[in-house]
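Notebook open, two things to look up today: sulfur bonds first, then a pair of packed helices.

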Amino acid sequence: MDLSVVGAGHVGLVTGACFADLGHRVVMVDNDAKRIAGLKRGVMPYYEPGLEELVARGTRERRLTFTTSLREGVASSTILFIAVGTPQKATGEADLAYVEHVARSIAQCLPAYRLVVEKSTVPVQTGKWIEHTIRTYLRRKLPFDVASNPEFLREGTAIQDFMKPDRIVLGVESKRAKDLLVELYKPLGAPLVITDINSAELIKHASNSFLSMKISFINAVAQICERAGADVEQVAEGMGLDPRIGRPFLNAGTGFGGFCFPKDLEAFIKIAEQLGYDFELLRAVRTINEQQKRGFAAKVQQALWVVKGKTIGVLGLAFKPNTDDMRYAPAIDVIEALQAEGAVVKAFDPQAMREAARLLPKVKLCKDPYEAARGADCLAILTEWNEFKELDFKRLKKLLRQPLIIDGRNLYDPARMKALGFRYIGVGRGRVPLPMRGGAAD
Ligand code: UGA
């Protein structure tokens with residue numbers, strides 16, 4: 001099939017590259033000329049495991065092409081995916097200006113029937129507005145369809161998520177649109193959920209908000225664990241074995257970040273409000289997440305007694321492992337709070353150093369975990385990269401000024417850390433220990 005994907009961001013580029021890999025001809029359209037020029041040379045705009053190879057293969061085999069001209073994409077493709085950004089406005093609602101602009105531009109160059117599919121995460125009823133916009137700006141009467149096909153891929157595992165999805169949601173309101181999308185997705189062999197457009201849009205917002213709620217729930221339970229003397233990891237294990245609950249997304253930590261959950265949560269609260277419903281539950285999810293980030297900074301402060309003038313070594317800056325993305329990363333809030341108290345922060349992240357240099361200019365960036373630990377008063381773990389799981393702890397202990405690890409991702413076993421001579425503080429892992437004579441902890 002001939003497809004166009006408008007917007008070469010995280011969702012758009014992965015979608016385009018994967019469809020090309022499945023044998024379709026895909027035109028990637030983006031108005032950022034630098035990004036398109038880079039992609040033509042094989043330069044990825046962000047880090048995503050496996051993407052570079054996929055793009056290279058698609059380009060080499062001429063199934064994947066890049067252009068800044070929307071007209072070119074519309075001319076050559078039957079299915080047009082809109083995957084442009086829907087950033088957050090100051091009010092919390094989703095900014096749909098890019099989506100509207102693309103819809104209007106498509107209308108102005110529509111040559112014949114096209115199926116316009118929204119892939120960007122959008123509030124419910126956006127599809128109706130896209131349809132209305134195209135109809136309003138069409139130069140002559142031409143048939144077209146609008147559909148919603150939300151994407152559920154996660155950064156870091158995006159290609160695998162695309163190729164092996166749990167489900168494919170198709171919000172379609174005509175047989176022609178349904179047949180085209182069913183045919184397109186057939187090779188993936190995944191369960192299809194076929195709905196109306198509004199329901200498809202809601203599935204995406206409701207899913208991301210539900211997952212955010214799961215995380216805030218376990219973070220709230222972690223607070224109880226710290227006060228009562230229980231281990232949230234064991235609690236999550238015990239809860240998660242119930243198939244009605246499930247273990248994924250029950251990892252307590254420094255809160256959720258990234259460009260999806262915080263933004264989609266806000267947008268869902270906002271659209272609910274506009275529709276006359278106060279989604280109190282989701283407002284609580286947001287509050288707990290903010291408290292969790294602040295609470296971690298407070299924990300570091302408590303553990304060090306006075307933070308001013310102390311050096312804190314941070315491991316992990318990206319909002320989660322296997323990405324260089326630092327948008328809404330909890331590390332930013334935690335580090336800024338500690339810096340505001342007068343701490344000196346040194347940090348290492350396997351992928352996000354370039355982003356960190358831009359976003360956290362006062363942080364001293366280190367070449368590896370050991371340099372981050374050298375001369376620091378504690379080591380704070382903010383992203384659960386695999387390579388942090390096994391470190392040379394004896395070496396770290398020698399490098400640190402005091403053997404203190406404050407683990408925002410519960411990466412280590414408290415008993416092992418204690419045996420290694422560390423004072424170890426996790427999230428929701430028993431009462432927060434106070435320092436003891438001799439430095440090691442209870
Ligand atoms: C999320 C969803 O998981 C995808 O299904 C969705 O398609 C995507 O948003 C999107 O809307 O585009 P992503 O933002 O890439 O994907 O990252 P997640 O793996 O979901 O993690 C989000 C945040 O939650 C991270 O900060 C992570 O550290 C945190 N998290 C996750 C926890 O704190 N605990 C957990 O148990 C799981």
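I looked for disulfides (pairs of cysteine sulfur atoms within 2.5 Å) and the structure holds 0. Before going on, I note that this is a predicted model, where local features need pLDDT of at least 70, side-chain atom pairs count only at pLDDT 80 or more, and totals for chains, interfaces and linings use all residues. Residues are numbered from 1 along each chain as its sequence is written, and side-chain values use heavy atoms, with hydrogens and water left out.

Why does cysteine 18 have no bond? I found its closest cysteine sulfur in cysteine 260, 16 Å away, which is too far for a bond. Cysteine 18 is also buried, at 0% relative accessibility (buried means under 20% relative accessible area, with a 1.4 Å probe and protein chains only).

I checked cysteine 366 as well: the closest cysteine sulfur belongs to cysteine 378, 13 Å off, so that is too far for a bond. Cysteine 366 has a relative accessible area of 2%, so I put it down as buried.

Next, the helices (DSSP runs of H or I, at least four residues, numbered from the N terminus). How do helix 11 and helix 12 pack? Helix 11 covers residues 261-274 and helix 12 residues 280-304; their axes, lines fitted to C-alpha atoms over the stretch in contact, are 10 Å apart at an angle of about 150 degrees. That makes the two roughly antiparallel (angles over 145 degrees, on a scale from 0 to 180 between N-to-C directions).

Which residues meet? From helix 11 I listed Leu265, Glu266, Phe268 and Ile269, and from helix 12 Leu282, Arg283, Val285 and Arg286, with contact meaning heavy atoms within 4.5 Å. By type, I get 5 nonpolar, no polar and 3 charged residues (Ala, Val, Leu, Ile, Met, Phe, Trp, Tyr, Cys and Pro count as nonpolar, Asp, Glu, Lys and Arg as charged, and the others, Gly among them, as polar).

Terms used:
Buried means under 20% relative accessible area, exposed over 50%, partly exposed in between (1.4 Å probe, protein chains only). Angles under 35 degrees count as roughly parallel, over 145 as roughly antiparallel, 65 to 115 as roughly perpendicular and the rest as oblique.
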